[in-house]
Amino acid sequence: KVKSLSDLPGVGQSILNKLIEAGYSSLEAVAVASPQDLSVAAGIPLTTAQRIIKEAREALDIRFKTALEVKKERINTKKITTGSQALDGLLGGGIETRTMTELFGEFGSGKTQLCHQLSVNVQLPLEKGGLGGKAVYIDTEGTFRWERIEAMSKAIGLEPDSAMNNIYYMRAINSDHQMAIVDDLQELISKDPAIKLIIVDSVTSHFRAEFPGRENLAVRQQKLNKHLHQLVRLAEMYDLAVIITNQVMARPDMFYGDPTVAVGGHTLYHVPGIRVQLKKSRGNKRIARIVDAPHLPEGEVVFAITEEGVRD
Ligand code: ADP
Ligand code: MG
C-alpha cells in the first residue's frame, strides 16, 4: 500500500528530493497541487508532474464519490465530547472530525477553556466520548495553562502527566510563524497518526495586529484564507477535528442586531465549517449558539465553566 511519496511508482530518489526541496513533502501536498505549479517549483517536466499528482490522488482515494459513499463516510464521522451534554447536543453529539469548528465570542466567553477541555477529552476512549487520540495546541496569545490540563484530566480520571504528554504545544510568535507551523503539521501527523485534534487559539489575533485597518484588509484576508483552507484540508485528509477561536469585539454602540462583530471580518464565513458563538451569562454560565451550520438546526444552550472544566 502507498503510504508516502517514495512509494509512488513514478517517484525515484532524485524526483523525491526535488519535491521535498520545493516544499511538496507529502502525498497530500502533491495530491492537491496544480500540475503547472508543481512542475515549475520542483523543476520537473509537466507530464511527470501530472502523473505524480494522479498517482498521489489515487493513493489518497481523491475521486468522485456517490452520495451513498459520502453518507457512509459521514456516518463514521467521530465526535469529541465537550464535557457538557447540552453543548454536545447543540453540536449534534460533540466536536466533529473532518470539520473545522470556529469558536467565536468576546474576551472571557470561554473559548480558551473549551480548547483546553477538548485537548483533554480527545484522549478519552470512544465509549467515553473521546477518540483515544492526541491534540496539537497552537497558542498565539500565550493563554495556554498546563495547570488547567492537569485539573481537567484529573477530573475525568485521566492520569495528568500522560494527558499532558499527549498534547503537542507550540507558541506561535507571529502570523508567518503560525502559518509555517500549520505547513509543517502534515509531517507531524504522518509521524504520529494518533493526532486527532488541532487547535489554533486564536486564529485571528496575529493577523489582526499585523494587518490592521481597512488598507490591509485584502492582504489579511488572503493570508488568513490560505491558512484556514490549509486547516480544513488537514481535517478532511486525516479525519481529525480542527478548532479555531476568534475574538470578537463588543459593540455597545450598536442598538440593533448582533452587538458583536467577528474580528476576522467576513473571511471566516467563506470557509466551510461550523461556527459557534459563545457569550457570557450569569456567573460561570456561558451561552453557546450555532451559526449557519450546514446540517445542524439553529439554537442555543447554556453550559458552565468550573474548576473541573466544562460542564452542564
Ligand atoms: P476567552 O478565551 O473566550 O477569552 P477563557 O476561555 O479564557 O475566555 O475564559 C476565561 C474564563 O474561564 C474566566 O473568566 C473564568 O470564568 C473561567 N475560568 C478560567 N479558569 C478557571 C478555573 N480554574 N476555574 C473556574 N473557572 C475558570
Ligand atoms: Mg482565549
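Serine 202 sits in the loop that runs between strand S6 (195–201) and helix H11 (205–210). The peptide bond leading into it, from aspartate 201 to serine 202, is cis, with omega near -5°. Keep in mind that this is a predicted model. The mean pLDDT of the chain is 90, and 93% of its residues reach 70 or more. Here's a quick tour of the fold, the backbone oddities and the ligand site.

**Overall fold**
- Twelve helices and twelve strands make up the secondary structure count for the chain.
- The radius of gyration of the chain comes out at 20 Å, close to the 20 Å that the globule rule gives for 312 residues, so the chain is as compact as a globular protein of that length.
- Along the principal axes, the C-alpha atoms fill a box of roughly 65 × 50 × 40 Å.

**Where to be wary**
- Over residues 263–267, pLDDT stays under 50.
- For that stretch, 263–267, the model has 13 contacts beyond four places in sequence.

**Another backbone quirk**
- Aspartate 61 isn't a glycine, yet it has a positive phi of about 60°.
- You'll find aspartate 61 in the loop between helix H4 (46–59) and helix H5 (67–75).

**Who surrounds ligand 1**
- There are 13 residues around ligand 1, and Gly108, Gly110, Lys111, Thr112 and Gln113 come nearest.
- By character, the shell around ligand 1 splits into two nonpolar, six polar and five charged residues.
- Helix H7 (111–121) and strand S11 (300–306) each chip in at least two residues of that shell.
- H7 gives the largest share of the shell, with three residues.

**Polar contacts to ligand 1**
- Glycine 110 uses its backbone here: one of its backbone N or O atoms lies 3.0 Å from an oxygen atom of ligand 1.
- Threonine 112 works through its side chain, with a polar atom 2.8 Å from an oxygen atom of ligand 1.
- Arginine 286 also takes part, with an N or O atom in its side chain 3.2 Å from an oxygen atom of ligand 1.
- Ligand 1 taken alone exposes 580 Å², and the protein buries 68% of that.

Note on methods: Residues are numbered from 1 along each chain as its sequence is written. Chains are lettered from A and ligands numbered from 1 in the order in which they are written. This is a predicted model: local features need pLDDT of at least 70, side-chain atom pairs count only at pLDDT 80 or more; totals for chains, interfaces and linings use all residues. Side-chain values use heavy atoms; hydrogens and water are left out. A residue is near a molecule or strand if one of its heavy atoms lies within 4 Å of it. A polar contact is a pair of N or O atoms within 3.5 Å; within protein, one must be able to donate a hydrogen and the other to accept it, and residues adjacent in sequence count only if both atoms are side-chain atoms. Accessible areas come from the Shrake-Rupley method with a 1.4 Å probe; for residues, only the protein chains shown count as cover. Helices (H or I, at least four residues) and strands (E, at least two) are DSSP runs, numbered from the N terminus. Ala, Val, Leu, Ile, Met, Phe, Trp, Tyr, Cys and Pro count as nonpolar, Asp, Glu, Lys and Arg as charged, and the others, Gly among them, as polar. pLDDT is the predictor's confidence in each residue, from 0 to 100. Contact means heavy atoms within 4.5 Å. The radius of gyration is taken over C-alpha atoms; the globule rule is 2.2 Å times the number of residues to the power 0.38.
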